[in-house]
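Hello,

Here is the structure I promised to pass along. Have a look at it first, and then read my notes below.

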Amino acid sequence: DNAIYPVLFLEYLIQLIHRQNGGSATTTVDEDLDMEFLPRFLILSATAIVLSYMNFLGLKFVGKVTIGVAVLSMMPFVVYSILGFPKMNVSRLFEKPDPTYVPDQTAGWFPVASFMGVYW
């Protein structure tokens, strides 16, 4: 299971570089940015070695890194919430919903079914 994380990291990194270099969303990464074997091998090996070394350092270190990654990943939500708060219309929070509104019951079926089917 741990071998997939360096590969995913590299694929995301390649896509990020592809977009930064002006690649479009319609072209595939392989068409515009083809990574050769040696650089790919070195990046994957270095990532695996760093992750293995982190694992070797122990549970406390991995826990601290995990908390740091969690805080870092939550920062965009915090920043956008702070930036959006002045534009929020607080009076709409206390409005009652329209009693004549009937939501489409089938609209949410497929996403829920596909999400639940992932774990079967």
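**Starting from Val78**

A good place to begin is Val78, which sits in helix H4. Val78 counts as partly exposed because its relative accessibility is 40%, and the partly exposed class lies between the 20% and 50% limits.

Val78 also belongs to a nonpolar patch on the surface, together with Ile67, Val71, Met75, Val79, Tyr80, Ile82 and Leu83. Taken together, these residues offer about 810 Å² of accessible area.

Please keep in mind that this is a predicted model. Helix H4, which covers residues 59-84, has the highest mean pLDDT among the elements of the chain, at 91. The lowest belongs to helix H2 (residues 29-32), with a mean of 51. Over the chain, the mean pLDDT is 79, and 80% of the residues reach 70 or more.

Now for the overall picture. The secondary structure consists of five helices and zero strands, so to speak an α-α-α-α-α run when read from the N terminus. The chain has 120 residues, and buried ones make up 7% of them. Its accessible surface comes to about 11000 Å², with 70% of that belonging to carbon and sulfur atoms.

One last item concerns contacts along the sequence. If you take the contacts between residues at least 6 apart, 44% of them join residues at least 24 apart.

Happy browsing, and do write back with any questions!

Best wishes

How values were computed. Residues numbered from 1 in each chain as written. Predicted model: local features only at pLDDT ≥ 70, side-chain atom pairs only at ≥ 80, totals over all residues. Heavy atoms only, no water. pLDDT = per-residue confidence, 0-100. Helix = DSSP H or I, 4+ residues; strand = E, 2+ residues; numbered from the N terminus. Buried < 20%, exposed > 50% of the residue type's maximum accessible area, 1.4 Å probe, protein only. Contact = heavy atoms within 4.5 Å. Areas by Shrake-Rupley, 256 points an atom, 1.4 Å probe, with all protein chains shown as cover. Patch = residues over 30% accessible without salt bridge, like charges linked within 9 Å, V, L, I, M, F, W, Y side chains within 5 Å. Salt bridge = Lys/Arg side-chain N within 4 Å of Asp/Glu carboxyl O.
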